[in-house]
Amino acid sequence: MKTMSTISNLALVVAAVGFSSLAFANAPKSSPAAIKEGGPLFATNCASCHGDKGDGKGAAAAGGAMKPADLTTFKSTSQKLFDTITKGKKDTMMPGFDYLAEKDRWAIAFYVESLSKKAKK
Ligand code: HEC
């Protein structure tokens, strides 16, 4: 069954390549410059729901039909934030932003991370 094992090896390689492109072995690190870049991107893409300050009180949420997360108290890691920004949150109105450049999604993740760090605990 040489063919079978070649095929399954191939499937493994394809899976591994697909996975590594998602998992980012070399995830970028936060920096003041990246956080600063994330601010306007957050304002454009997220503030309508999550609010200018990220407190979950955006105009689109005013009717009460949805409750976007309060990101000023949301505890997470930049990697998890990046994944949520990329894919959205299942079964909620939180959309995915996989069409934004990877660099921009990281900048937003760092910005959001900085919001909860600033919050008084
Ligand atoms: C259309 C409205 C909308 C937009 C635009 C939006 N969100 Fe959300 N977001 C939501 C809702 C609704 C939830 C779900 C809250 C819940 O858990 O019930 C959510 C949840 C989240 C969460 C928490 C995920 C979790 O695991 O609980 C994060 C982080 C988040 N949003 C970040 C962002 C960022 C960053 C952007 C911009 C790139 C953004 N959102 C844009 C509506 C939105």
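How many nonpolar, polar and charged residues does the shell around the ligand have? The structure is a predicted model, in which local features need pLDDT of at least 70 and side-chain atom pairs count only at pLDDT 80 or more, whereas totals for chains, interfaces and linings use all residues. Residues are numbered from 1 along each chain as its sequence is written.

By class, the shell comprises 16 nonpolar, five polar and two charged residues, where Ala, Val, Leu, Ile, Met, Phe, Trp, Tyr, Cys and Pro count as nonpolar, Asp, Glu, Lys and Arg as charged, and the others, Gly among them, as polar. Of the 23 residues around the ligand (C-beta atom, placed from the backbone, within 6 Å of it), C46, C49, P68, T92 and M94 come nearest. Two or more residues are given to this shell by each of helix 3 (47-50), helix 4 (78-87) and helix 5 (102-118), helices being DSSP runs of H or I with at least four residues, numbered from the N terminus.

Within helix 4, S78, L81, F82 and I85 are buried, that is, 20 or more other C-beta atoms, placed from the backbone, lie within 10 Å of their own. These residues lie on the same side of helix 4 because they cover an arc of only 100 degrees around the axis, the arc being that of the directions from the helix axis to the C-beta atoms. The buried residues of helix 4 pack against helix 5, with contact taken as C-beta atoms, placed from the backbone, within 7 Å. Just after helix 4, G88 adopts a positive phi of about 80 degrees.

Definitions and conventions:
Buried ≥ 20, exposed ≤ 12 C-beta atoms within 10 Å, placed from the backbone. Contact = placed C-beta atoms within 7 Å.
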